[in-house]
Number of protein chains: 2
Amino acid sequence: MDEHEQRFLDLAVEQARTGWDEGGVPIGAALVHDGEVLAVGRNRRVQLGSAIRHGETDCLENAGRQPARVYRESVLYTTLSPCYMCAGTVVLYGIPRVVVGENRSFQASEDWLRSHGVKIDVVDDAECRRLMERMMAERPEVWAEDIGEES
Amino acid sequence: MDEHEQRFLDLAVEQARTGWDEGGVPIGAALVHDGEVLAVGRNRRVQLGSAIRHGETDCLENAGRQPARVYRESVLYTTLSPCYMCAGTVVLYGIPRVVVGENRSFQASEDWLRSHGVKIDVVDDAECRRLMERMMAERPEVWAEDIGEES
């Protein structure tokens with residue numbers, strides 16, 4: 001990953017950190033088209049009482065309505081490996097590549113995404129891991145809720 | 001499908017009709033837990049400028065934060081066969097059954113949902129079909145955008 005890519009991931013990490021500071025789930029994302037940041041977003045389950053605003057979906061929502069072409073030329077940066085809702089959103093819109101901050105804390109959809117032709121690059125970023133380790137240690141019930149598991 | 005089930009599907013159809021009248025995509029949904037309607041929702045791409053408010057996701061958002069147990073005992077009624085975003089949301093939350101108004105206008109995820117243990121019942125409802133036929137004839141660009149296709 002070159003320094004431009006690291007900068008895009010850093011935007012996602014910054015969102016994750018903001019989400020943590022707001023009392024929420026520290027997962028962030030950035031959607032980049034042709035080197036331009038279309039939007040950033042973060043998990044806002046707690047902040048908005050939302051069941052569908054994960055980092056990736058919040059980011060896509062913030063990007064607004066886009067034509068198919070734009071998604072198909074974009075890269076989605078996310079601090080954590082996508083759940084199936086977010087992976088399904090990637091497949092729906094034909095986003096061809098996802099850069100994943102880390103997948104040690106959670107991993108569900110990577111093989112499935114690859115089977116739909118999505119390129120997955122896992123960075124294994126220490127700060128992404130640290131944020132999720134804190135989440136799982138300090139807010140385990142919210143984390144369970146966020147991934148549809150019994151706490 | 002018994003008359004109770006038809007009533008739940010009718011709530012989804014009513015949402016779809018409202019969405020059409022608002023100038024949007026006529027797809028609606030209802031989430032039912034233990035015979036009680038938790039929420040209804042409709043595609044609000046046009047109304048809210050949204051990339052993630054499909055019928056099913058809008059419905060789940062309207063239901064608010066729910067514990068895993070509730071989703072796992074619920075049925076999702078939707079007027080149209082789910083796209084992968086909505087299907088991924090069903091898998092994330094472990095919703096065990098989806099009642100689909102029709103799947104002639106669009107079908108992408110049913111086999112995949114079944115492979116995750118989700119029961120799919122397709123009603124082939126004439127009113128659901130009629131609404132989507134009108135959508136595809138009269139607002140084809142918006143429909144293409146909604147499913148991530150070039151128009």
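**A two-chain contact and its symmetry in a predicted model**

Arg65(B) is joined to Glu145(A) by a salt bridge across the two chains, with 2.7 Å between the closest N and O atoms. The structure described here is a predicted model, and between chain A and chain B a count of 2 salt bridges is obtained. Polar contacts between the two chains, taken where both residues are at pLDDT 80 or more, amount to 16 residue pairs. On the side of chain A that touches chain B, at least two residues each are supplied by α2 (45-48), α3 (55-63), α4 (68-72), α5 (84-93) and α8 (140-146) of chain A. Of these helices, α5(A) provides the largest share of that side, namely 7 residues. By residue class, the side of chain A that touches chain B is made up of 15 nonpolar, 10 polar and 10 charged residues.

The extent of the contact can be described both by residues and by area. Chain A contributes 35 residues to the contact, and chain B contributes 35 residues. The size of an interface is often expressed as the accessible area that is lost when the parts come together. Between chain A and chain B the buried area is about 3,000 Å², and carbon and sulfur atoms account for 58% of this area. Within chain A, the residues that lose the most area to chain B are Ile52(A), Arg65(A) and Leu92(A), which together make up 23% of what that side buries.

The relation between the copies was examined next. Two copies of a chain are related by a rotation about an axis together with a shift along it. For this pair, a turn of 180° and a shift of 0.0 Å along the axis lay chain A on chain B with an RMSD of 0.0 Å. The two copies are therefore related as by a two-fold rotation axis. In chain A, the C-alpha nearest this axis belongs to Gly88(A), at a distance of 2.5 Å. Both copies use the same surface, in that 100% of the contact residues of chain A recur in chain B.

Chain A itself contains 8 helices and 5 strands, and from the N terminus on its elements follow the order α-β-β-α-α-α-β-α-β-α-β-α-α. The radius of gyration of chain A is 14 Å, close to the 15 Å given by the globule rule for 151 residues, so chain A is as compact as a globular protein of that length. The C-alpha trace of chain A spans about 40 × 30 × 30 Å along its principal axes.

Side chains of opposite charge can pair when their charged atoms come close. Over all chains, the count of salt bridges comes to 34. One of these is formed by Arg45(A) with Glu145(A), whose closest N and O atoms are 2.7 Å apart. Because Arg45(A) lies in helix α2 of chain A and Glu145(A) in helix α8 of chain A, this pair ties together parts that are 100 residues apart in sequence. Glu145(A) is also the partner of Arg65(B) in the salt bridge between the chains.

A further set of contacts in chain A centres on Arg97(A), which is placed in strand β4 (residues 97-102). Its side chain is joined to that of Asp121(A) by a polar contact of 2.7 Å. When neighbours within four places in sequence are left aside, the residues in contact with Arg97(A) are Glu5(A), Ser74(A), Val75(A), Leu76(A), Tyr77(A), Val118(A), Lys119(A) and Asp121(A). Arg97(A) and Ile120(A), although 23 residues apart in sequence, are 5.9 Å apart in space from C-alpha to C-alpha.

Terms used:
Residues are numbered from 1 along each chain as its sequence is written. Chains are lettered from A and ligands numbered from 1 in the order in which they are written. This is a predicted model: local features need pLDDT of at least 70, side-chain atom pairs count only at pLDDT 80 or more; totals for chains, interfaces and linings use all residues. Side-chain values use heavy atoms; hydrogens and water are left out. Contact means heavy atoms within 4.5 Å. Buried area is the accessible area (1.4 Å probe) that two parts lose on being put together, summed over both. A salt bridge is a side-chain nitrogen of Lys or Arg within 4 Å of a carboxyl oxygen of Asp or Glu. A polar contact is a pair of N or O atoms within 3.5 Å; within protein, one must be able to donate a hydrogen and the other to accept it, and residues adjacent in sequence count only if both atoms are side-chain atoms. Helices (H or I, at least four residues) and strands (E, at least two) are DSSP runs, numbered from the N terminus. Ala, Val, Leu, Ile, Met, Phe, Trp, Tyr, Cys and Pro count as nonpolar, Asp, Glu, Lys and Arg as charged, and the others, Gly among them, as polar. Copies are superposed by least squares on the C-alpha atoms of residues with pLDDT of at least 70 in both. The radius of gyration is taken over C-alpha atoms; the globule rule is 2.2 Å times the number of residues to the power 0.38.
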